[in-house]
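Student: Hi! I have a structure open and could use some company while I look through it. Could you walk me through it?

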Amino acid sequence: MPSAAASAREILRRLHDVMASRTPAQAKLNAVVNIVGEAMASEVCSIYLLREGVLELYATRGLAQEAVHVTKLALGEGLVGTIAQTVEMLNLDEAASHPDFVHNPETGEEKFRSFAGVPIIRRERAVGVLSVQHVDPRKYDEVEIEALQTVAMVLSELIANAELVDASGAATMRPQSTAAMRIAGLKLVDGMASGYAVFHQPRVHVEHIVAEDTEAERHRVYAAFDKMREQIERIAAQAEFASAASMKRCSRPIRCSPMTKAGRGASTKRSIPG
């Protein structure tokens, strides 16, 4: 069995290939559960998504395929529902001993003893759960949990762009307010400013989260940085030149009248602002 760190690296490497492919969302979810299950040597890996207010089994490796799109859990129901409700992970070596454990006979999960799950978070709310199960009792390593959390983060973007979570379900989770809102930001310079916030519509749908050619994208980013640096240097140089020219125009030499007192009759030269 590979180490936990090796398993995590394998998950991320293969996940990139899946997300960069042009396959439908359901096919990507099916591929993800297989990748995670194989890499972590877990007999079960499942993805539950929140639809119409309930968590629906959307893809699985190891549970009964007949349960896909059939098994549904309410928020707070079972281990999966608890994760979604609390937005916190669970890592159990004996899942059945947990007070929130609920058995779903149609899934055939009764033989799996260990369980780990992480929430799939979108806009600070859980929109699904990614879970793994194993026949033998064991707790998953910290690096394995971190790998699951990374996969869940990528899945969040996938399901949002594919609109797998119903708009009605999202609306009940995160009601929109029409009241005034104060948003804190990072101050770059002192002062005050006023303006209008513009909500862009239609929404831009990102179809490909991961670049197909990462090396080409890396060169594009570096080229953008170089161009930005050149522009900043040019602006700074223009500002320095303008400041120097302004100072030169604003000062001129004048000759003062000789003083009349003895010993102080020599003329002097000084500069005053024009």
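**Starting after a helix**

Tutor: Happy to. Let's begin with Val-87, which comes right after H3 and has a positive phi, near 55°. Keep in mind that this is a predicted model.

Student: Why does a positive phi catch your eye?

Tutor: Most residues other than glycine have a negative phi.

Student: Okay, and H3 itself: how many of its residues are buried?

Tutor: Seven of the nine, so H3, residues 78–86, is mostly covered. The buried ones are Gly-78, Leu-79, Val-80, Gly-81, Thr-82, Ile-83 and Ala-84.

Student: What do those buried residues pack against?

Tutor: Strands: S1 (44–51), S2 (54–61), S3 (72–74), S4 (90–92), S5 (114–122) and S6 (125–134). H3 lies across these six strands, S1, S2, S3, S4, S5 and S6, and runs at about 35° to S5.

Student: Let's do the sheet, then. What order are the strands in?

Tutor: The order is S3-S2-S1-S6-S5-S4, in an open sheet with antiparallel pairing. S3 and S4 are at the edges with a single partner strand each, so each has one side without a neighbour in the sheet. From one strand to the next, the twist averages 25°.

Student: Which strands does S1 pair with?

Tutor: S1 pairs with S2 in the antiparallel sense, over seven bridges. S1 also pairs with S6, again antiparallel, over six bridges.

Student: Can you give me some residues to click on?

Tutor: Sure. On the S2 side, Leu-50 stands opposite Leu-55, and Ile-47 is opposite Ala-59. On the S6 side, Tyr-48 has Val-129 as its bridge partner, while Leu-49 is partnered by Gly-128.

Student: Is S1 enclosed or open?

Tutor: S1 is largely enclosed by the rest of the structure, because seven of its eight residues are buried. S6 is also largely enclosed, since nine of its ten residues are buried.

Student: How many bridges join S5 to S6?

Tutor: Nine, with the two strands running antiparallel. One pair to look at is Gly-117, which stands opposite Ser-131 in S6.

Student: And what's in the turns of the hairpins?

Tutor: The hairpin of S1 and S2 has two residues between the strands, and Glu-52 in that turn has a positive phi of about 55°. In the S5 and S6 hairpin there are two residues between the strands as well, and Arg-123 takes a positive phi near 55°.

Student: Is Arg-123 buried or exposed?

Tutor: Arg-123 has 56% relative accessibility, so it counts as exposed.

Student: Where else should I look for a positive phi outside glycine?

Tutor: Try Ala-41, with phi near 55°. Ala-41 sits in the loop between H2 and S1. Its relative accessibility is 32%, so Ala-41 counts as partly exposed.

Student: You mentioned H2. How does it pack with H4?

Tutor: H2 (residues 25–39) and H4 (residues 142–161) pack at an angle of about 175°, with their axes 12 Å apart. The two helices are therefore roughly antiparallel to each other.

Student: Which residues meet there?

Tutor: From H2 they are Ala-25, Lys-28, Leu-29, Val-32 and Val-36, and these meet Leu-148, Val-151, Leu-155 and Leu-158 in H4. By type, that contact has eight nonpolar residues, no polar ones and one charged.

Student: And where does H2 sit on the sheet?

Tutor: H2 lies across S1, S2 and S6, at about 65° to S2.

Student: Last topic: the nonpolar core. Which residues touch the most other members?

Tutor: In the largest core, with 35 residues, those are Leu-29, Val-36, Ile-47, Ile-120, Leu-130 and Leu-155. The elements giving two or more residues to this core are H1 (4–20), H2, S1, S2, S5, S6 and H4. H4 gives the largest share, nine residues.

Student: What lies apart from that core?

Tutor: Another core, of 20 residues, including Val-44, Ile-83, Ala-84 and Ala-95. Ile-83 and Ala-84 are also among the buried residues of H3, so to speak bringing us back to the helix we began with.

Student: Nice, thanks! I'll go and click through those.

Conventions
Residues are numbered from 1 along each chain as its sequence is written. This is a predicted model: local features need pLDDT of at least 70, side-chain atom pairs count only at pLDDT 80 or more; totals for chains, interfaces and linings use all residues. Side-chain values use heavy atoms; hydrogens and water are left out. Buried means under 20% relative accessible area, exposed over 50%, partly exposed in between (1.4 Å probe, protein chains only). Helices (H or I, at least four residues) and strands (E, at least two) are DSSP runs, numbered from the N terminus. Contact means heavy atoms within 4.5 Å. Two strands pair if DSSP finds at least two bridges between them. Axes are lines fitted to C-alpha atoms, for helices over the stretch in contact, and angles run from 0 to 180 degrees between N-to-C directions. Angles under 35 degrees count as roughly parallel, over 145 as roughly antiparallel, 65 to 115 as roughly perpendicular and the rest as oblique. Ala, Val, Leu, Ile, Met, Phe, Trp, Tyr, Cys and Pro count as nonpolar, Asp, Glu, Lys and Arg as charged, and the others, Gly among them, as polar. A nonpolar core is a set of buried Ala, Val, Leu, Ile, Met, Phe, Trp, Tyr and Cys residues joined through side-chain atoms within 4.5 Å.
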